[in-house]
Amino acid sequence: IARIAVITGGRRFGYSLVLVRQWLEIYHEEGSEAQMRALVENSDQQIAKLDAQIGELVDARDELAALRDEITKNLG
């Protein structure tokens, strides 16, 4: 169950399956503290990646809303 939790949690936060596999190997070879340290080390980079994706989505949403508003104005 713990392995499944690591896999599903890792995927939820956008980590690659390769990285999740490495965490599972770290746990098996070095224990849970080493696994948690590896997760913390990777978190800052993943948070930055998610922030960039959020920014891109906000930009796309704003552009779509502006296009919709412009088309609506021209139709009416």
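Arg61 is exposed, at a relative accessible area of 56%. In this predicted model, Arg61 makes a salt bridge with Asp62, and the closest N and O atoms are 3.6 Å apart. Asp62 is partly exposed, with a relative accessibility of 41%. That is one pair out of the 5 salt bridges that a search of the whole structure turns up.

I will go through two others. Lys73 pairs with Glu70, and here the closest N and O atoms are 3.8 Å apart. The cut-off for a salt bridge is 4 Å, so this pair counts. Both residues sit in helix α3, which covers residues 32–75. Lys73 and Glu70 are 3 residues apart in that helix, so about one helical turn separates them. As for cover, Lys73 is exposed at 57% relative accessible area, while Glu70 is partly exposed at 39%.

Next, helix α2, residues 17–30. Glu25 forms a salt bridge with Arg21, with 3.2 Å between the closest N and O atoms. The spacing along the helix is 4 residues, again about one helical turn. Arg21 is exposed, with a relative accessible area of 54%. Glu25 has 32% relative accessibility and is classed as partly exposed. Exposed requires over 50%, so Glu25 falls short of that class.

Now the chain as a whole. What secondary structure does the chain contain? There are 3 helices and 0 strands, and in sequence order the pattern reads α-α-α. The radius of gyration is 20 Å, whereas the globule rule gives 11 Å for 76 residues, so the chain is more spread out than a compact globule. The C-alpha trace spans about 65 × 25 × 15 Å along its principal axes.

How much of the chain is buried? Of the 76 residues, 17% are buried. Buried here means under 20% relative accessible area, so a residue such as Glu70, at 39%, is not in that group. The accessible surface of the chain is about 6400 Å². Carbon and sulfur atoms account for 59% of that surface.

Last, the charges. The chain carries 9 positive and 13 negative charges. How far apart are the mean positions of the two sets? The separation is 6 Å.

To recap the pairs: Glu25 with Arg21 at 3.2 Å, Arg61 with Asp62 at 3.6 Å, and Lys73 with Glu70 at 3.8 Å. These are among the 5 salt bridges in the structure.

Definitions and conventions. Residues are numbered from 1 along each chain as its sequence is written. This is a predicted model: local features need pLDDT of at least 70, side-chain atom pairs count only at pLDDT 80 or more; totals for chains, interfaces and linings use all residues. Side-chain values use heavy atoms; hydrogens and water are left out. Helices (H or I, at least four residues) and strands (E, at least two) are DSSP runs, numbered from the N terminus. The radius of gyration is taken over C-alpha atoms; the globule rule is 2.2 Å times the number of residues to the power 0.38. Buried means under 20% relative accessible area, exposed over 50%, partly exposed in between (1.4 Å probe, protein chains only). Accessible areas come from the Shrake-Rupley method with a 1.4 Å probe; for residues, only the protein chains shown count as cover. Lys and Arg count as positive and Asp and Glu as negative; His and the chain ends are not counted. The place of a charge is taken as NZ of Lys, CZ of Arg, CG of Asp or CD of Glu. A salt bridge is a side-chain nitrogen of Lys or Arg within 4 Å of a carboxyl oxygen of Asp or Glu.
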